[in-house]
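These are my notebook entries on one chain, taken in the order in which I looked things up.

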Amino acid sequence: MENSVLHLENADIYQRDNLVLSKVNLKIDTGDFYYLIGKTGSGKSSLMKTLYGDLRLQRGTGTIVGFDLKKLKEKDIPFLRRKIGIVFQDFKLLNDRNVFDNLEFVLKATGWKNKEERKAKINEVLEKVGMQKQYYKKTFELSGGEQQRVAIARALLNDPELILADEPTGNLDPKTSLEVMHLLNEIHKSGKTILMATHDYQLIVKFKHKTIKVEAGELFEVAQQAKV
Ligand SMILES: Nc1ncnc2c1ncn2[C@@H]1O[C@H](COP(=O)(O)OP(=O)(O)OP(=O)(O)O)[C@@H](O)[C@H]1O
């Protein structure tokens with residue numbers, strides 16, 4: 001059990017009073033890469049939001065990176081988010097700052113007091129995503145693919161136990177999507193655990209990983225390369 005970073009049992013996923021997914025059972029172990037597939041509106045984002053504490057888990061049980069989702073309090077959420085890295089479809093970078101400052105903002109907010117250590121960590125993660133030479137650029141000067149690389153670098157800053165990526169290629173063209181997917185694959189091979197929601201059949205076929213699907217209010221494991 002100590003191997004699992006995420007474990008849901010009979011978890012009901014709600015948006016306000018609407019039951020979106022019922023009785024979700026899911027276990028993700030250290031080193032896994034799972035795709036989460038399903039049609040628009042099927043509940044992928046709702047599940048992700050529950051996992052990072054944006055929606056409350058009201059019924060069933062759930063633990064993620066050592067946190068009990070049922071007992072999660074508002075004050076726990078920043079601590080939970082230090083142990084998971086989140087990557088969004090629309091990048092969610094701060095557009096009034098450059099790349100370095102976007103990353104330093106997160107480190108300062110998560111208790112990194114030493115400037116040299118912050119600098120070294122930022123260099124390290126930017127190198128991992130191939131963006132170290134562009135540290136001074138404002139985010140609006142970057143292409144979508146470059147912005148997503150920076151967002152992935154940001155997700156890596158606190159050495160997360162789990163990366164949640166919600167449609168990370170959803171705003172990218174097919175070629176750039178493949179590049180970003182190569183990057184996520186490399187990160188996985190370096191030992192990270194990843195849950196990635198996607199619609200992108202091109203990626204599912206090219207990069208084979210275990211796959212779970214949401215459909216008609218339920219979540220279940222399907223064959224690799226299953227159709228969305
Ligand atoms: N803030 C909200 N309040 C109430 N209902 C919502 C809210 N957000 C989403 N829903 C509903 O919850 C259901 C699941 O939506 P969700 O965004 O989780 O689906 P999804 O699979 O991520 O879709 P997409 O691929 O389009 O992002 C939908 O029926 C949607 O209308």
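How many bridges join strand β1 to β2, and in which sense do the two strands run? I counted eight bridges between β1 (residues 4-15) and β2, and the two strands run antiparallel. I note at the outset that this is a predicted model. As one point of register between the two strands, I found leucine 6 standing opposite isoleucine 28 in β2.

I then followed the sheet outward from this pair, and found four strands in an open sheet with the order β2-β1-β4-β5 and antiparallel pairing. The edges are held by β2 and β5 (67-68), each of which has a single partner strand, so that one side of each is left without a neighbour in the sheet.

Next I looked up the ligand. Its surroundings are made up of Gln15, Arg16, Asn18, Val20, Gly38, Thr40, Gly41, Ser42, Gly43, Lys44, Ser45 and Ser46. Two elements, β2 (18-29) and α1 (44-51), give two or more residues each to this shell, and the largest share, three residues, comes from α1. Sorting the shell by residue class, I obtained one nonpolar, nine polar and two charged residues.

My next entry concerns helix α3 (residues 99-109), for which I asked which residues are buried. They are Val99, Asn102, Leu103, Val106 and Leu107. Viewed down the axis of α3, these buried residues fall within an arc of 135°, so they line one face of the helix. The spacing fits what I would expect in general, because an α-helix has 3.6 residues a turn and residues three or four places apart therefore point the same way. I then checked what this face meets, and the buried residues of α3 pack against α4 (115-128) and α5 (144-156). Just after α3, I noted that glycine 111 takes a positive phi of about 90°.

Further along the chain I examined strands β9 (residues 210-215) and β10 (residues 218-222), which pair in the antiparallel sense over five bridges. Within this pairing, valine 214 has leucine 219 in β10 as its bridge partner. The two strands form a hairpin with two residues between them, and alanine 216 in the turn has a positive phi of about 50°.

Finally, I consulted the UniProt record, an unreviewed entry, which lists residues 6-228 under "domain: ABC transporter". Over that range I computed 34% helix and 27% strand, with the end C-alpha atoms 23 Å apart.

Conventions:
Residues numbered from 1 in each chain as written. Predicted model: local features only at pLDDT ≥ 70, side-chain atom pairs only at ≥ 80, totals over all residues. Buried ≥ 20, exposed ≤ 12 C-beta atoms within 10 Å, placed from the backbone. Arc of directions from axis to C-beta. Contact = placed C-beta atoms within 7 Å. UniProt positions renumbered as here; feature names shortened; annotations may be inferred. Pairing = 2+ DSSP bridges. Near = placed C-beta within 6 Å. Nonpolar A, V, L, I, M, F, W, Y, C, P; charged D, E, K, R; others polar.
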